[in-house]
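Reader: Hey, could you walk me through this protein? I'm new to reading structures.
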Amino acid sequence: MSHTAFFYGTLMAPPVLHRVIWGSQTPPTPAHASLLHIRPAILHAHQRHKVKHADYPAILPTSAEANTSVRGTLVTGLTDGDIWRLDIFEGSEYQRRKVQVRVLEPPSKSKNEDQEEGMGDLTQPPEDNIEGEQVEAETYIWIAGAAHLEPQEWDFAEFVRDKMRRWVGREAAETDEGFQEVDDAVAALQDPTGGRGVNGGITRQLDGGK
């Protein structure tokens with residue numbers, strides 16, 4: 001089964017997303033990479049906050065009258081196995097829920113022109129981008145209580161500049177930002193979903209040239 005998800009925090013960075021779903025910062029093969037499609041998108045009636053004493057953010061629903069929105073990435077082509085890993089990575093502080101997001105497109109973008117998948121372009125789209133089609137997606141909503149959140153907006157550019165190296169850079173080996181729980185679960189259960197992990201069905205098919 002194919003899943004569509006909206007990411008608004010650390011998982012907007014492709015190396016972090018890849019580390020969770022594939023166990024490495026880069027896709028195992030170009031064929032793996034081609035299975036995912038990433039586009040900028042916006043989620044209305046939600047607000048993003050810093051989580052206290054953490055590098056990652058959280059989002060909470062707001063009223064339509066609040067006129068709040070969250071920009072992030074819309075990722076299609078995720079498998080059951082990817083979602084299983086993402087659920088473990090996000091942990092008990094979050095709950096996966098269905099939401100309606102709008103794809104963001106540059107005013108000059110033609111219908112057949114693919115969005116460049118550069119990390120900056122996807123996660124910080126220009127303010128003059130226009131809202132396109134509405135898409136149903138799954139996202140992770142904070143359920144651990146507002147007392148654990150800061151009132152300030154979380155800054156993705158700051159995360160990439162100052163903190164991402166602790167997640168997937170040279171310092172990552174010295175820290176555990178939730179990846180170990182995913183790795184341990186994959187090793188123990190050998191990917192029961194048949195997804196695209198090392199032991200998953202998709203990897204076996206790609207390796208076999210099917």
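Author: Sure, we'll go through the pocket, the core and some salt bridges, and keep in mind that this is a predicted model.

Reader: Cool. How much space lies in the largest pocket?
Author: About 270 Å³. Of the 17 residues lining that pocket, the closest to its centre are Thr10, Tyr56, Phe89, Glu90 and Tyr94.

Reader: And which elements give two or more residues to the lining?
Author: Those are strand E1 (3-7) and helix H3 (80-90). By type, the lining divides into 10 nonpolar, four polar and three charged residues.

Reader: Switching topic: how many residues has the largest nonpolar core?
Author: That core has 47 residues. Phe7, Val16, Leu78, Leu86 and Val101 have the most contacts inside it.

Reader: What does Phe7 touch?
Author: Leaving out residues up to four places away in sequence, Phe7 touches Met12, Leu17, Gly72, Thr73, Val75, Leu78, Leu86 and Tyr140.

Reader: OK, what about salt bridges, how many are there?
Author: The count comes to seven. One of them joins Asp183 and Arg19, with the closest N and O atoms 2.7 Å apart. Asp183 is in helix H7 and Arg19 in helix H1, 164 residues apart, so the pair links distant parts of the chain.

Reader: Is Arg19 buried or exposed?
Author: Arg19 counts as buried because its relative accessibility is 17%, and the cut-off for buried is under 20%. Asp183 is partly exposed, at 26%.

Reader: Which residues are linked in a network of salt bridges?
Author: Asp87, Arg96 and Glu138 are. Within that network, the closest N and O atoms of Asp87 and Arg96 are 2.7 Å apart.

How values were computed. Residues numbered from 1 in each chain as written. Predicted model: local features only at pLDDT ≥ 70, side-chain atom pairs only at ≥ 80, totals over all residues. Heavy atoms only, no water. 1 Å grid on protein atoms, 1.4 Å probe; cavity = no way out; pocket = protein on both sides within 12 Å on 5 of 7 lines; lining within 4 Å. Points joined across faces, edges and corners; volume = space filled by probe spheres on them. Helix = DSSP H or I, 4+ residues; strand = E, 2+ residues; numbered from the N terminus. Nonpolar A, V, L, I, M, F, W, Y, C, P; charged D, E, K, R; others polar. Core = buried A, V, L, I, M, F, W, Y, C linked by side-chain atoms within 4.5 Å. Buried < 20%, exposed > 50% of the residue type's maximum accessible area, 1.4 Å probe, protein only. Contact = heavy atoms within 4.5 Å. Salt bridge = Lys/Arg side-chain N within 4 Å of Asp/Glu carboxyl O.
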